[in-house]
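Here is a brief report on one protein chain. Keep the sequence and the 3D view at hand while reading.

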Amino acid sequence: MVRHSLASALLGLVLVCAAPVFAQAPVLTPSHIQAAREVMDLTGVTQTITGIYKEFEENAPQLTATRPELKKDVDAIVAELKPEADKRAEEMAKLVAEAFARKMSEADLKGVADFFKSPLGQTYSKMRGEAMNDVLPVLQPWSVQTSNYLFDRLSQEMRKRGHTL
């Protein structure tokens, strides 16, 4: 009984303290979310989300490399899964658009969209993709090397302090 009362009191305290946080959450209008979605579309965020199915579609046939008799069924199932994948991608895109909308005003999002629609913004978008294609082959090994280095250093420092990882 005492635990129940304490739990109720704690829950009440949490709700009272959290009320200002909930009250401060912005109300997102459909036009605000649409502005965020447009920015996502123009900057490639949406493409990243929808690209997951494309990658799956391209990689699934590898499952039949040693079993060609399964190719027909795998191809059919991959095609059947597209509507499900599209639905899931749309759900994620909506969540991401709402996150963008909570971080930026509708006016600011429209300004960002205007930039990406401009000739300079379009040049930037095109160049960004090309630059990332140049950077990724260098970034990947650097990322692995840096991660390994940091874990080695962490291990060394932990040993100095008498710990073994």
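The sections below cover the nonpolar core, a helix pair, one residue of that pair and the aromatic rings.

## Model

This is a predicted model. Read every value below as computed from that model.

## Nonpolar core

The largest nonpolar core holds 12 residues. Among them are Val-39, Met-40, Ile-49, Val-96 and Leu-109. Alanines also take part, including Ala-35, Ala-36, Ala-89 and Ala-113. Three elements give two or more residues each to this core: α2 (30-43), α4 (71-103) and α5 (106-117). Helix α4 supplies the largest share, with five residues.

Ala-35 is one of the core residues. Beyond its neighbours within four places in sequence, Ala-35 contacts Glu-106, Leu-109 and Lys-110.

## Helices α2 and α5

How do the axes of α2 and α5 cross? They come within 9 Å of each other, at an angle of roughly 30°. Angles under 35 degrees count as roughly parallel, so α2 is roughly parallel to α5. The crossing is left-handed.

Both helices bring several residues to the contact. From α2 they include Ser-31, His-32, Glu-38 and Leu-42. From α5 they include Glu-106, Lys-110, Val-112 and Phe-116. Ala-35, Ala-36 and Val-39 of α2 take part in this contact and also belong to the largest nonpolar core. So do Leu-109 and Ala-113 of α5.

## Phe-116

Is Phe-116 buried or exposed? This α5 residue is buried, with a relative accessible area of 12%. The cut-off for buried is under 20%.

Phe-116 and Leu-42 lie 74 residues apart in sequence, yet their C-alpha atoms are 6.3 Å apart in space. Phe-116 touches Leu-42 and Thr-43. Its other contacts, leaving out residues up to four places away in sequence, are Gly-121, Gln-122, Tyr-124, Ser-125 and Arg-128.

## Aromatic pairs

A pair of aromatic rings is described by the distance between the centres and the angle between the planes. The model has three aromatic pairs. In one of them, the rings of Tyr-53 and Phe-56 have centres 6.0 Å apart and planes at 50°, so this pair is tilted. Stacked would need planes under 30 degrees apart, and edge-to-face over 60.

Tyr-53 and Phe-56 both sit in helix α3 (residues 45-59). They are three residues apart there, so about one helical turn separates them. Tyr-53 is buried, at 10% relative accessible area. Phe-56 is partly exposed, at 36%.

Elsewhere, ring pairs join Phe-115, Phe-116 and Tyr-124 into a cluster. Tyr-124 is also among the residues that Phe-116 touches.

Technical notes. Residues numbered from 1 in each chain as written. Predicted model: local features only at pLDDT ≥ 70, side-chain atom pairs only at ≥ 80, totals over all residues. Heavy atoms only, no water. Phe/Tyr/Trp six-rings, centres within 6.5 Å; stacked < 30°, edge-to-face > 60°. Helix = DSSP H or I, 4+ residues; strand = E, 2+ residues; numbered from the N terminus. Buried < 20%, exposed > 50% of the residue type's maximum accessible area, 1.4 Å probe, protein only. Core = buried A, V, L, I, M, F, W, Y, C linked by side-chain atoms within 4.5 Å. Contact = heavy atoms within 4.5 Å. Axes fitted to C-alpha atoms, helices over the stretch in contact; angles between N-to-C directions. Parallel < 35°, antiparallel > 145°, perpendicular 65-115°, else oblique. Left-handed = near helix turned anticlockwise from the far one by under 90°.
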